[in-house]
Amino acid sequence: MQITEHIASLSEEGRLLAAAAEQAGPGASVPTCPGWQIRHLLRHTGMVHRWAAAFITEGHTAYHPDGGEPDLDGAELLAWFREGHRHLVRSLEEAPADLECWTFLPAPSPLAFWSRRQLNETTVHRVDAESALGGPLTPVPAVRAADGIDELLTGFHARPKSRVRSDKPRTLRVRAVDTAATWTVRISEDPPQAVRTAGEGSAEHADCELSGTAEGLYLALWNRLPLTAVTLRGDRAVARLWTDNSAVTW
């Protein structure tokens, strides 16, 4: 995906999130985030949007703390969220291609990193907001979903912070049937190592395979859909290693 595609999709995802939050109401429970209500979701995501925008507009080249979550609620909170989201989108649209600032995952450039990261951040939390309504979710296009799987498997969980570990080496294969993408994830005492290949993927034995649409896999790997949303073959315990330990702390 191109940076412009990430930014355009981020703009739409933020609008969808706000619309679902407004319809659900601030006190609605968020099933995909146990213990959260819509107000918590808006405060968190709005804070992240402003935190990310500060790196882009102020050019911080080292970690800079966020500004904290606001003590807002109701219509005032929703307006605050929308303003912060628009500011993030404008900041990315107006940023120079050679933007220099701090990032925390490998990427072709800081602008590419923040565009992609904030799109996935907002998409996942848009799903959270829509889950509070109990109806169908807005679809995630296959190309975008595959890109999000890439970020999760080869970015977040390649870091030392990943808790997806196993004393006994195990292999998880993730196969998106509506794209040419397959990921082989080697799980050991070290951080997981994920490799993306085309087609059916590596001939290497996998202890467990998850297959399905890229969207289904994306949301299942982010623990926004249950494993029953995809097809599981092999050792279910390997899949449980993922679901039980893969919650991301940035």
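In the predicted model, the second largest pocket has a volume of about 210 Å³. Its lining comprises 15 residues, and those nearest the centre are Pro-106, Ala-107, Pro-108, Ala-112 and Arg-116. Helices α1, α4 and α5 (142-155) are the elements that each supply two or more residues to this lining. The largest share is that of α5, which provides four residues. By class, eight of the lining residues of the second largest pocket are nonpolar, four are polar and three are charged.

The largest pocket has a volume of about 590 Å³. Of its 29 lining residues, His-44, Glu-121, His-125, Trp-222 and Val-248 are the closest to the centre. Two or more residues each are contributed by α2, α4 and α7 (236-245). Helix α4 accounts for the largest share of this lining, with five residues. The lining of the largest pocket consists of 14 nonpolar, nine polar and six charged residues.

Helix α4, which contributes to the linings of both the largest pocket and the second largest pocket, also packs against α1. The axes of α1 (residues 3-24) and α4 (residues 110-131) cross at roughly 25 degrees and come within 8 Å. With angles under 35 degrees counted as roughly parallel, α1 and α4 are therefore roughly parallel to each other. The crossing of α1 past α4 is left-handed. On the α1 side, the contact is formed by Ile-3, His-6, Ile-7, Ser-9, Leu-10, Glu-13, Gly-14, Leu-16, Leu-17, Ala-20 and Ala-21. On the α4 side, the participating residues include Leu-111, Ala-112, Ser-115, Arg-116, Leu-119 and His-125. Among these, Ala-112 and Arg-116 also lie nearest the centre of the second largest pocket, while His-125 is one of the residues closest to the centre of the largest pocket. The contact of α1 with α4 contains 11 nonpolar, eight polar and four charged residues.

A second helix pair is formed by α2 (residues 38-58) and α3 (residues 74-94), which pack at an angle of about 30 degrees with their axes 9 Å apart. This angle makes α2 roughly parallel to α3. The two helices cross in a left-handed manner. Residues of α2 in the contact include Arg-39, Leu-42, Arg-43, Met-47, Arg-50 and Ile-56, and those of α3 include Leu-77, Trp-80, Phe-81, Glu-83, Leu-88 and Leu-92. The contact of α2 with α3 is composed of 11 nonpolar, eight polar and four charged residues.

Two cavities of 30 Å³ or more were counted in the model. The largest cavity holds about 70 Å³ of space. Its lining is formed by Phe-156, His-157, Arg-159, Lys-161, Ser-162, Arg-163, Asn-245, Ser-246, Ala-247, Val-248 and Thr-249. Of these residues, three are nonpolar, five are polar and three are charged. Val-248 thus lines the largest cavity and is also among the residues closest to the centre of the largest pocket.

The second largest cavity contains about 30 Å³ of space. It is lined by Leu-210, Leu-217, Ala-220, Leu-221, Leu-227, Val-230 and Trp-242. Helix α6 (residues 214-221) gives the most to this lining, with three residues. The lining of the second largest cavity has seven nonpolar residues, with no polar and no charged residues.

How values were computed
Residues are numbered from 1 along each chain as its sequence is written. This is a predicted model: local features need pLDDT of at least 70, side-chain atom pairs count only at pLDDT 80 or more; totals for chains, interfaces and linings use all residues. Side-chain values use heavy atoms; hydrogens and water are left out. Axes are lines fitted to C-alpha atoms, for helices over the stretch in contact, and angles run from 0 to 180 degrees between N-to-C directions. Angles under 35 degrees count as roughly parallel, over 145 as roughly antiparallel, 65 to 115 as roughly perpendicular and the rest as oblique. A crossing is left-handed if the near helix is turned anticlockwise from the far one by less than a right angle, and right-handed if clockwise. Contact means heavy atoms within 4.5 Å. Ala, Val, Leu, Ile, Met, Phe, Trp, Tyr, Cys and Pro count as nonpolar, Asp, Glu, Lys and Arg as charged, and the others, Gly among them, as polar. On a 1 Å grid over the protein atoms alone, a cavity is a set of points where a 1.4 Å probe fits but cannot get out, and a pocket is an open set with protein on both sides within 12 Å along at least five of seven lines; lining residues have an atom within 4 Å of a point. Grid points are joined across faces, edges and corners, and a volume is the space filled by probe spheres set on the points.
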